[in-house]
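Please open the model in the viewer and show the backbone as a cartoon. The tour moves from the whole chain to selected residues.

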Amino acid sequence: MQQINIHEAKSQLSRLVELAAHGEEIIIAKAGKPIARLVAYRPHAKPRKPGLLRGKVRIRKDFDAPLPEGLFSTFDDVP
C-alpha cells in the first residue's frame, strides 16, 4: 500500500491504475490526509440460487444433539 499526493496522482493516473489492477492498493491524500483509495475493480458475484445442493448434502437427525462431556475438558486449558 502506498500513499500519494492528489497532484501526483493526477499526473500518474495511468501508472497508478496499472498498479491497482495488479493488486496494489493506492491511498490518495490531500495535504497529507488520506481522502480516497484506489483498488482493482472486482465484479459482483453472481446471485446465489437456492437449492443448488439439494440432494447432495445430508444432515443427520442428531446434528444438534449435546456434545460429549469429555470434549469440553479439552478446551479448559486454552488461554
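Helices and strands are taken here as DSSP runs, with at least four residues for a helix and at least two for a strand, numbered from the N terminus. On that basis, the protein chain of this predicted model holds three helices and three strands. Following the cartoon from the N terminus, one meets the elements in the order β-α-α-β-β-α. The radius of gyration of the protein chain is 25 Å, well over the 12 Å that the globule rule gives for 79 residues, so the chain is more spread out than a compact globule.

**The whole chain**

Keep the full chain selected and display the C-alpha trace. Along its principal axes, this trace spans about 65 × 40 × 20 Å. Colouring by relative accessibility shows 11% of the 79 residues as buried. The chain exposes about 7700 Å², of which carbon and sulfur atoms supply 58%. Among contacts between residues at least 6 apart in sequence, 25% join residues at least 24 apart.

**The nonpolar core**

Next, select I4, A9, L16, I26 and I28. These five residues make up the largest nonpolar core. Within this set, centre the view on I28. Which residues does I28 touch, leaving aside those up to four places away in sequence? The contacts of I28 are I4, I6, A9, K33, P34, I35 and A36. Two of these partners, I4 and A9, are listed with I28 in the core.

**A40 in the loop**

Now select A40, which is found in the loop between β3 (33–38) and α3 (69–74). Is A40 buried or exposed? Its relative accessibility is 18%, so A40 counts as buried, the cut-off for that class being under 20%. Add A20 and A21 to the selection: A40 touches both, when residues up to four places away in sequence are not counted. For a distance across the model, pick E8 as well. A40 and E8 stand 32 residues apart in sequence, and their C-alpha atoms are 19 Å apart in space.

**The surface patch**

Finally, move along to I59, which also lies in the loop between β3 and α3. Because its relative accessibility is 63%, I59 counts as exposed; the class requires over 50%. Extend the selection to L52, L53, V57 and F63, and switch to a surface representation. Together with I59, these residues make a nonpolar surface patch of about 590 Å².

Key. Residues numbered from 1 in each chain as written. Predicted model: local features only at pLDDT ≥ 70, side-chain atom pairs only at ≥ 80, totals over all residues. Heavy atoms only, no water. Buried < 20%, exposed > 50% of the residue type's maximum accessible area, 1.4 Å probe, protein only. Contact = heavy atoms within 4.5 Å. Patch = residues over 30% accessible without salt bridge, like charges linked within 9 Å, V, L, I, M, F, W, Y side chains within 5 Å. Areas by Shrake-Rupley, 256 points an atom, 1.4 Å probe, with all protein chains shown as cover. Salt bridge = Lys/Arg side-chain N within 4 Å of Asp/Glu carboxyl O. Core = buried A, V, L, I, M, F, W, Y, C linked by side-chain atoms within 4.5 Å. Rg over C-alpha atoms; globule rule 2.2 N^0.38 Å.
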